[in-house]
Amino acid sequence: MIYFKFPFDERLLSADEKNTKNAVTFFSYNSLEQISFSGDIFEIDAVEFAHTSINNKSLISDSTASSAETKEEYCETLQKVIEVIKENHLPKMVYSRRKIFTEFTSIDYKESFKNLCETYPNAFRYLFNDGKNAWMGAFSEVLGKFNKTTHEFETMALAGTLPVSEEWSEKEIEEQKPVTTYIQDILKNYSDNVQQSETYDHISGNIKHLRTDFKTSIKPEDLDQIIQDLHPTPAVCGIPKDFCNENIRKYEKFPREFYAGYIKVETQESILYFVNLRCARLYKDSVHIFVGGGITAQSNPDKEWRETELKSEAILKNLAIF
């Protein structure tokens, strides 16, 4: 079962499972795992969905025996990460954690998904359960968008996070610059004409990011390789990619699973790729919320903890708990 909505599109969609063509595929952060939903994409009838029941009772129990990091553990580890960044003169590295929520008896996931859709109209929003894995998320970073007719390819650099009411500091501005450069350099390998927008505010619920858009034309046969080159972007990994990935495995307490991976959706007109942030893995008796942040030499562990708490609200505040 999968339900999803495209950004700025309130049609509720699913895959009809009538053929073997993959309509929606989720790729794990390390790209080693995939979850696919096959068939043609179709619109769900609103009346039919209103009579659908989706709650935590239908999910598998949490057998991970996981305990989330405390603030003290997080800040202690993050200080080590900052030292690695300083010693190696890294522009940025992304460090993430899980927030594990168990304070509930029942969660109505149909209502939770509806809440998420209303809160983040500019995001790709989804809820799925394949019997073993159940996830829900909403995020608006586009890893890639390819037009099958014109061969136009679009992507974006998204980095830096603040509450909407706050002003950007040097830390966030410097965090976004290498992301923009990284994407520009990759696209230049595939096209001589890459258009780049000015950097502007991207609002997502209660927080904002710095965003720069890119547009170019590519050969269709280069699409898969471009996506492999782009993922994981500096926004979810850091720079340089291989060194940061090695240290992510070393310092992060949990594997990322499908968090910070990407979602591929193929329609008749386009192939779209969305970064899977602001997401949670759902269990019968717990919700694992994945949150992270871009760390630089100027990062403050206490402030970074507050930022991850703020990001976790994207899921937590939308849960319909009974």
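Here are some worked exercises on the structure above.

Keep in mind that this is a predicted model, where local features need pLDDT of at least 70, side-chain atom pairs count only at pLDDT 80 or more, and totals for chains, interfaces and linings use all residues. Residues are numbered from 1 along each chain as its sequence is written, and side-chain values use heavy atoms, with hydrogens and water left out.

**Exercise 1: a strand and its partners**

Find which way the residues of strand β18 point, and which strands pair with β18.

*Step 1.* Let's start with the terms. Helices (H or I, at least four residues) and strands (E, at least two) are DSSP runs, numbered from the N terminus. Two strands pair if DSSP finds at least two bridges between them. Buried means under 20% relative accessible area, exposed over 50%, and partly exposed in between (1.4 Å probe, protein chains only).

*Step 2.* Now look at the side chains of β18, residues 279–282. Cys279 and Arg281 point one way, Ala280 and Leu282 point the other way, and all are buried. In a regular strand the side chains alternate between the two faces of the sheet.

*Step 3.* Next, the partners. β9 (residues 134–139) pairs with β18 in the antiparallel sense over three bridges, and here tryptophan 135 has arginine 281 as its bridge partner. β19 (residues 287–295) is also antiparallel to β18, with four bridges, and cysteine 279 stands opposite phenylalanine 290. β18 and β19 form a hairpin with four residues between them.

**Exercise 2: one side of a helix**

Work out which residues of helix α3 are buried and where they sit around the axis.

*Step 1.* Pick out the buried ones in α3 (residues 109–119): Tyr109, Lys110, Ser112, Phe113, Leu116 and Cys117.

*Step 2.* They cover an arc of only 160° around the axis, so they lie on the same side of α3. (The arc is that of the directions from the helix axis to the C-beta atoms.)

*Step 3.* Check the N-terminal end. Aspartate 108 caps α3 there, with a side-chain oxygen 3.0 Å from the backbone nitrogen of lysine 110. This is a polar contact: a pair of N or O atoms within 3.5 Å, where, within protein, one must be able to donate a hydrogen and the other to accept it, and residues adjacent in sequence count only if both atoms are side-chain atoms.

**Exercise 3: two residues in a loop**

Decide whether asparagine 122 and proline 121 are buried or partly exposed, and list their contacts.

*Step 1.* Asparagine 122 lies in the loop between α3 and β8 (124–129), and proline 121 has its place in the loop between α3 and β8 too.

*Step 2.* Read off the accessibility. Asparagine 122 has a relative accessible area of 12%, so it is buried. Proline 121 comes out at 35%, so it counts as partly exposed.

*Step 3.* Contact means heavy atoms within 4.5 Å. Leaving aside neighbours within four places in sequence, asparagine 122 touches Pro7, Phe8, Ser140, His202 and Ile203. A polar atom of the asparagine 122 side chain lies 2.9 Å from the backbone oxygen of isoleucine 203. With neighbours within four places left out again, proline 121 is in contact with Pro7, Phe8 and Glu10.

**Exercise 4: the largest pocket**

Describe the space in the largest pocket and the residues that line it.

*Step 1.* On a 1 Å grid over the protein atoms alone, a pocket is an open set of points with protein on both sides within 12 Å along at least five of seven lines, and lining residues have an atom within 4 Å of a point. Grid points are joined across faces, edges and corners, and a volume is the space filled by probe spheres set on the points.

*Step 2.* The largest pocket holds about 390 Å³ of space. Of the 20 residues that line it, the closest to its centre are Pro7, Val142, Lys145, Glu154 and Leu272.

*Step 3.* The elements that give two or more residues to this lining are β10 (142–147), β11 (152–163), β14 (207–217) and β17 (270–275). β14 gives the most, with four residues.

Conventions
1 Å grid on protein atoms, 1.4 Å probe; cavity = no way out; pocket = protein on both sides within 12 Å on 5 of 7 lines; lining within 4 Å.
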